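Visitor: I'm new here. Could you pick a single residue, look at it closely, and then walk me from there through other parts of the model?

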There are 2 protein chains.
Amino acid sequence: MSSTTSAAAPGASGKDNQHLSPKSDIEISQAAKMRPIVDVARDKLGIPAEHIQPYGHYKGKIALDYIASLEGKPNGKLILVTAITPTPAGEGKTTTTVGLTDGLNYIGKKALCCLREPSLGPCFGVKGGAAGGGYAQVVPMEDINLHFTGDFHAIGAANNLLAALIDNHVYWGNSLGLDTRRISWRRVVDMNDRALRSIVSSLGGVSNGFSREDGFDITVASEVMAIFCLASDFADLQKRLGNIVVGQTREKKNIRASELKAAGSMAALLKDAIAPNLVQTLENNPAIIHGGPFANIAHGCNSVIATKSGLKLADYVVTEAGFGADLGAEKFFDIKCRKAGLKPDVTVIVATIRALKMHGGVAKDDLKAENVAAVEKGFENLKRHIGNVRKFGVPVLVSINKFSSDTPAEMEALNRLCKAEGVDCVVADNWGSGGAGAADLARAVVQTIEAQPSKFKPLYADELPLAEKVRTIAKELYGAADISYDSSIKSRFAELEKEGFGHLPVCIAKTQYSFSTDQNAKGAPSGHTIPIRELRLSAGAEFVVVVCGDIMTMPGLPKVPAANNIEVGADGRISGLF
Amino acid sequence: MSSTTSAAAPGASGKDNQHLSPKSDIEISQAAKMRPIVDVARDKLGIPAEHIQPYGHYKGKIALDYIASLEGKPNGKLILVTAITPTPAGEGKTTTTVGLTDGLNYIGKKALCCLREPSLGPCFGVKGGAAGGGYAQVVPMEDINLHFTGDFHAIGAANNLLAALIDNHVYWGNSLGLDTRRISWRRVVDMNDRALRSIVSSLGGVSNGFSREDGFDITVASEVMAIFCLASDFADLQKRLGNIVVGQTREKKNIRASELKAAGSMAALLKDAIAPNLVQTLENNPAIIHGGPFANIAHGCNSVIATKSGLKLADYVVTEAGFGADLGAEKFFDIKCRKAGLKPDVTVIVATIRALKMHGGVAKDDLKAENVAAVEKGFENLKRHIGNVRKFGVPVLVSINKFSSDTPAEMEALNRLCKAEGVDCVVADNWGSGGAGAADLARAVVQTIEAQPSKFKPLYADELPLAEKVRTIAKELYGAADISYDSSIKSRFAELEKEGFGHLPVCIAKTQYSFSTDQNAKGAPSGHTIPIRELRLSAGAEFVVVVCGDIMTMPGLPKVPAANNIEVGADGRISGLF
């Protein structure tokens, strides 16, 4: 991944090159006729107004007490939207997630979506905002992209409080014996700022502490973010915060946040943030947007609390996971669903004709020209993702995010190939037509849920040794011949298992652009080796990060950042935010 | 100032040693019967509900459009609460400001207060929260202390976006020719974190940029905070953000934020924050809390927009300024009122018997014992502050923040001395009794306003050379014989004047514990010299910071930080936050 890539959650909407829209995303969103959020909550979800904490008139947090009162209700159906191995512009997962939600409401179902909150960093970098695209957006778009209800700022503050307490502990005598070379807890800022990736801190003499190598990640890469998204409730959040391993002593004994007495204050900072945020789609359907962990160093899904709340509030909950299905869906299933006891009912794999042609070997500049052979060749990528999802026992269907350059012959070829795999393939034009454009997809989703009961199970058992978990994913999902690692990784595996972390799931950080660790290997590469570079323990989030390749935890800004073009007009309207 | 002092705005409430309260501040605040903020806005200020942007049920932002619609209304009376040279625990300015507001309402006046927002840093450090004390508090106390409506996070993000754009500009070719040794813009975090005071950034090789010396301040020390608080409206805010000087070229040419095309994005981040926040006192009277710049590197007052809004909404607006009157009131008058065209009607100087005895030479441990002679001797400090405020043409009265250790003889001595100065001295027990305890003070304030028209004028003219402005303050207010500075400061004065900054007011950063630059020189030292160490240009905030002594822009945490004791209970209540 290049140092200028903005790899933060959530994904782009596949909007560049889509078609020549008469309006930009921000223009469409600003023209939206929003309803007061308390009205959306009451009319669409039956939530009385007093259980919505308003943040302005169009955003609100759903009170956790109210959600707890729904415990006896049956759960709705859980729909995961994932994607084939993406192009750098993304294939439109968020757009499809929002469009499908509107489509389900359009055909008369009670549906909501659960999305990740966008990070501020990418807003000012390459991508601009992230809240869907075209006529499948969540609104108020500017608010969602900028600060929203303050959750990420709260997460950043909790992360940085812990960091300050660590260095303060060392400063005042270091009674826990932290080895300053082995402090693994980094500070965060919700900004693309490459200058902070690697720093030396505590310079300037005695009163500023003990100098050491240090660095910042973007807030979405914080373990606090992952914990926030995996906690089952506030008590679990506090417990997990205390469990964070911040570093080690010289004797390699783990030091936890609880030993620094940090968990209570960190939890106090997250007390309001932990309640899920409610907004609406352009068609006034409910959208819960809560949490947004990176999909490399973390699991790339919105919060468990949001998803579980959604399942009590609606009959259909549409959610998404970062990157392609090899990373996003795998982590959704093996980390989030496993730990939270969720049972996904169906998976929608989003693809574009354009991306299939890219996997079929077509160069970026030639993607608009018809090329049926390339679609057929590129289908091998989609085919493997279909097979992978089925290995989790979850029914699957394919949704094509429509572009104006798609030709009938290309579509016909794709339909034929999908049919051979026994999978529905539905074109969705939610980008151009909103819910009406996704009505066919919505019907297909409902039909699949009714016809094919999910037999969800994670890919591997908790008891499998950590290395075997990685090997299973590599062989079963990535088509790899094997994994490889050196003796230092081997002893780290042994160390983690000895310390009692062997039962945790693994969270694989590798390029999202290939099934292999070579981002240029398109299609469905086979027989390759997945080399493990590093293991990182997320003891509070309860997974072991397995780094297989470059891992970007602090993006940079491009030469001409989006920030240069953002303006606020005399009418208070923001322009330039996509 | 020691490295563990939490010198952030606003001041402490003078609560330690006050008297043995049966309840802590947080217990009193949590027992408050709050009214929905839209009800407070409507019933107390006549603001229709649609002009309040709610943040939960008890906090709201007042729409700027609505405030603009009040332009034709006459202004209320403006009351400044300031203090004598403080003890480290503070003398209770915020408590008195809140209490006086309740007192004015208690005697039937339409009054509100305008306060600074607390910083997160001190909450986890020595002081705990800052929202008044005892029965003179603003609520919801935990929310106000933690995140509130997100203003400080927005200010921090705007500050750090500019920082990222600076290093990004250098990374991509540095066409503006920034000298990386002369980049003066620092990053911020709203945390007491001494490890970040002095760092080297952009380490780690080519892709991370050009290594340089760098550092972080606490968010309240950001020039963005000062700009936020001095801007007259949103357009002025954008203009000032563009005017920020971020550093210089090798040839010492100033580079501004506008040249980095940063102002539009920074303004977008501040779009919601710029509207003033409305909360309530324990007695359900309106309190506007907005902005909170440091009182050393900046001017230590809440936002101009908040104060001007207050003057349109109420008949009496009670506000405060950081530190003692030599710093806080001087900056309030010479920077805020001068630039915003405000006319203060009366000044209340808060004193405590305890602090007078300290200025009279009594050691900290002996302050509880009666000592009339020390009160008489310490009065010289109060006397000078009284005279100083009168030099601005503003009527003055003294308010004694009552402590149980105060004796009748001490009070009698103080009353006699005040009478000799022709100034009212009123005991206020707002800490113990809320508005009823401040009714006498409220009556005295109203009477003073009616009897003594303010003839406010700043201390010095815009046209005076910068060094002469400093000299005027030093001689007229600090009792100094003169100022001193070396040739490098002399040429910097000349440089600033040549660049067109000679008309700006000066913002003096010196210890708040003495009229001199020696924090141990209590009472009213005379004939000393004020040495100027450094000049810093705040071109966006439009003042020149004159550093006279140590200046703390990033506090540290103490050995046992308040953070260690903060907990969130099973009922969701926070304990340990004072």
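**Starting at one serine**

Guide: At 2% relative accessibility, B:Ser202 counts as buried (buried means under 20% relative accessible area, exposed over 50%, and partly exposed in between, with a 1.4 Å probe and protein chains only). A word on the ground rules: residues are numbered from 1 along each chain as its sequence is written, while chains are lettered from A and ligands numbered from 1 in the order in which they are written. This is a predicted model, where local features need pLDDT of at least 70, side-chain atom pairs count only at pLDDT 80 or more, and totals for chains, interfaces and linings use all residues; side-chain values use heavy atoms, with hydrogens and water left out.

Back to our serine. B:Ser202 sits in the loop that runs from strand S9 (199–201) to strand S10 (212–214) of chain B (helices are DSSP runs of H or I with at least four residues, strands are runs of E with at least two, and both are numbered from the N terminus). Its backbone is the curious bit: B:Ser202 isn't a glycine, yet its phi is positive, about 55 degrees. Most residues other than glycine have a negative phi, and most peptide bonds are trans.

Over in chain A, A:Glu542 makes a good companion to that serine. A:Glu542 is not a glycine either, and its phi is positive at about 70 degrees. You'll find A:Glu542 in the loop between strands S23 (534–538) and S24 (543–547) of chain A, and with a relative accessible area of 16% it is buried.

What about peptide bonds? In chain A, A:Val139 and A:Pro140 are joined by a cis one, with omega about 0 degrees. A:Pro140 belongs to the loop between strand S6 (136–139) and helix H6 (141–145) of chain A. In chain B, a cis bond with omega of about 0 degrees links B:Val139 to B:Pro140, and B:Pro140 lies in the loop between S6 (136–139) and H6 (141–145) of chain B.

How do the two chains relate? Turn chain A by 180 degrees, with 0.0 Å of shift along the axis, and it superposes on chain B with an RMSD of 0.0 Å (a least-squares fit on the C-alpha atoms of residues with pLDDT of at least 70 in both copies). The two copies are thus related as by a two-fold rotation axis. In chain A, the C-alpha nearest that axis belongs to A:Tyr55, 2.2 Å away from it. The same surface serves both copies, as 100% of the contact residues of chain A recur in chain B (contact means heavy atoms within 4.5 Å).

For a spot where the chains meet, try B:Asn564, in the loop between strand S24 (543–547) and strand S25 (567–568) of chain B. Setting aside neighbours within four places in sequence, B:Asn564 is in contact with A:Leu165, A:Leu260 and A:Lys261. B:Asn564 is buried, at 16% relative accessible area.

Now for some helices. In chain B, 21 of the 21 residues of H7(B) are buried, so this helix is largely enclosed by the rest of the structure. H7(B) is followed by B:Gly173, whose phi is positive, near 125 degrees. In chain A, helix H11 (residues 304–313) has 9 of its 10 residues buried, so it too is largely enclosed; among the buried ones are A:Val304, A:Ile305 and A:Leu313.

A:Ala41 takes us into helix H2 (residues 37–45) of chain A. A:Ala41 is buried, with a relative accessible area of 0%. Not counting residues up to four places away in sequence, A:Ala41 touches A:Gly46, A:Ile47, A:Ile52 and A:Leu278. A:Val279 is 238 residues from A:Ala41 in sequence, but their C-alpha atoms are 8.9 Å apart in space.

Let's finish with an exposed residue: B:Lys368 has 56% relative accessibility and counts as exposed. B:Lys368 is in the loop between helix H13 (353–359) and helix H14 (372–391) of chain B. B:Asp406 is 38 residues from B:Lys368 in sequence, with 7.7 Å between their C-alpha atoms.
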